Amino acid sequence: MGQQVAEALDALRQLGTPDEMRALARQIAAPRPLPRVNSHIHLPPNFSAFESVRQAVDLAAEQGMAGLGIGNYYDYEVYGDFAQCARRQGIFPLFGTEIICLDDGLREAGIKINDPGNPGKIYFCGKGITRFDKMTPAATRLIGVIRRNDSTRMAKMVERMEQIFTERGLRTDIDEKAVVEMIVRRHGSDRNTVYLQERHVSQAFQEALFAKVRPEERIERLNAILGATTKARHAEDFVTMQNDIRSHLMKAGKPAFVEETFVSFDDAHRLILELGGIPCYPTLVDGASPIAQFEESPDKLIAEIKDRNIHAVEWITIRNKIEVLRDYANKMREAGLTVTAGTEHNTLDLIPFDPFCSDGDMPDDLRALFWEGACVVAGHQFLSLHGECGFVDAGGNPNPNYASAEERIRAFADLGAAVMQRYHEACGGK
């Protein structure tokens, strides 16, 4: 992986020794007002709201973010650029990943988890990863399996999409290579780091529609291709058109759908640990209607999470109402889970970086909870870079040096706050 990544990790390692940071943690008071932090966004070449890494980080700085977490799928070359841009802006970088996996037992039972449309399918995150520069042999093997499975599926899906568009009156001549080139042109990405997502494919076909069809004819032509009525409000409503292309042509049961081949949950859990991270469950709850069986009550969900040796959870809060979020998140924290929040920014909509809810701004009590969680991740990331046991050990078990989950969360939150303070001082107080 590139020198930028190694330099970024080394810069965080050189903030001080673990003992120095522990001493600083005992001295500093909790910051007031609480800093703003977002623990999960996606950056190009993942499908993203941003044209470039620099644009994302500059916007985050303009909006006063103190910490920013990246959670890309399947390639980490961009993390060096992200860390360098973050350092220039005085934003603490949190490194993560996202993996899609499958629980065969739950699929066979028809149980939905945190994907509203597919039983057994799990979106799974890793927080505070540090071994993405020089991967272990096990990580290299697992990420290779994921990349091959994903690339094979997306190539077939692009082929089916081109057939459908042609059969329904609009030949595009789009193939997998053309979609990759679209991403390279847009973001300046190295094509070897590009792994296609469904949103990339729907964007490519929407752009072909715009290039080949006059505005006054687009909605009618799109409706004919979809075999349904688009929700687009006007002929330039490209975001809605992309979503409709994906929903009506690419999802399960639709004509361009290709069966997904996932790694198991156990393999995804192992990959996150091999990358040095904290396994973390992304919570959907009322982001789906109805709420999935797996998440139907806080107590049930907490039991399911703990049974899988997971000790961290995350919320993409724009999906959730404040009171539902408060109920679940507070009970999760009381149960000894650390809690983070993010926005993903995995559509073309440039929403604010500061996490908010579907029915209003984030209340201060929840903001404090998510700040604590980000600090825990920062503390884990820092200790891992120094070769020490982090929030969880190499087996995913809680760090054994603490008598309780409460003591461990507080200790790592204090350590992470100290690490962030030292980082911001090193960046000139930004």
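## T130, a buried loop residue

T130 is buried, with a relative accessible area of 7%; the cut-off for that label is under 20%. This is a predicted model, so take what follows in that spirit. You'll find T130 in the loop between β4 and α6.

Who does T130 touch? Setting aside neighbours within four places in sequence, T130 is in contact with L9, L275, G276, Q381, S384 and L385.

## Strand β4, covered on both faces

Step back from that loop and you run into β4 itself, residues 121-127. Seven of its seven residues are buried, so the strand is largely enclosed by the rest of the structure. In a regular strand the side chains alternate between the two faces of the sheet. For β4, both faces are covered: K121, Y123, C125 and K127 are buried on one side, and I122, F124 and G126 are buried on the other.

Which strands pair with β4? One is β3 (residues 92-102), which runs antiparallel to β4 over seven bridges. Another is β6 (residues 278-283), also antiparallel, joined to β4 by three bridges. G126 is a handy landmark here: T97 stands opposite G126, and so does P279 of β6.

## The largest pocket

β4 also turns up around the largest pocket, which holds about 1200 Å³ of space. Its lining counts 43 residues, and the closest to the pocket centre are Y123, R199, R246, K251 and N346. Y123 is one of the β4 residues already met as buried.

Which elements feed the lining? β3, β4, α6, α8, α10 and β6 each supply at least two residues. Helix α6 gives the most, with five residues.

## Helix α9, with one buried face

Helix α9 covers residues 215-226, and its 12 residues should span 16 Å at 1.5 Å a residue; the end C-alpha atoms are 17 Å apart, which agrees. R218, L222, I225 and L226 are its buried residues. Looking down the axis of α9, those buried residues fall within an arc of 85°, so they line one face of the helix. The general rule behind this kind of pattern is that an α-helix has 3.6 residues a turn, so residues three or four places apart point the same way.

On the other side of α9, E216 and E220 are exposed. What do the buried residues of α9 pack against? Their partners are α6 (137-167), α8 (198-212) and α10 (238-250), and those three helices also contribute to the lining of the largest pocket. Just past the end of α9, G227 takes a positive phi of about 70°.

## Helix α4

Helix α4 (residues 78-89) has 12 residues and reaches 17 Å from its first C-alpha to its last, close to the 16 Å expected at 1.5 Å a residue. Which of its residues are buried? They are V78, Y79, G80, F82, A83, C85 and A86.

Those buried residues pack against α1 (3-13), α3, β2 (65-70), β3 and α15 (405-426). Of these partners, β3 is already familiar as an antiparallel neighbour of β4. After α4 comes G90, whose phi is positive, near 70°.

## F50, buried in a loop

Another loop residue worth a look is F50, placed between β1 (36-41) and α3 (53-62). Is F50 buried or exposed? F50 is buried, with a relative accessible area of 0%.

Leaving out neighbours within four places in sequence, F50 is in contact with I41, H42, L43, P44, Q55, A56, L59, R186, H187, H345, L350 and F353. As for A8, it sits 42 residues from F50 along the chain, and their C-alpha atoms are separated by 21 Å.

## Enclosed cavities

Rolling a probe the size of a water molecule over the atoms shows where empty space is left. Here there are six cavities of 30 Å³ or more. The largest cavity holds about 70 Å³ of space.

What lines the largest cavity? The list is P35, R36, V37, A341, D354, P355, M362, R367, F370 and W371. β1 and α14 (364-385) each supply at least two of the lining residues, and α14 gives the most, with three.

Note on methods:
Residues numbered from 1 in each chain as written. Predicted model: local features only at pLDDT ≥ 70, side-chain atom pairs only at ≥ 80, totals over all residues. Heavy atoms only, no water. Buried < 20%, exposed > 50% of the residue type's maximum accessible area, 1.4 Å probe, protein only. Helix = DSSP H or I, 4+ residues; strand = E, 2+ residues; numbered from the N terminus. Pairing = 2+ DSSP bridges. Expected span 1.5 Å × (residues − 1). Arc of directions from axis to C-beta. Contact = heavy atoms within 4.5 Å. 1 Å grid on protein atoms, 1.4 Å probe; cavity = no way out; pocket = protein on both sides within 12 Å on 5 of 7 lines; lining within 4 Å. Points joined across faces, edges and corners; volume = space filled by probe spheres on them.
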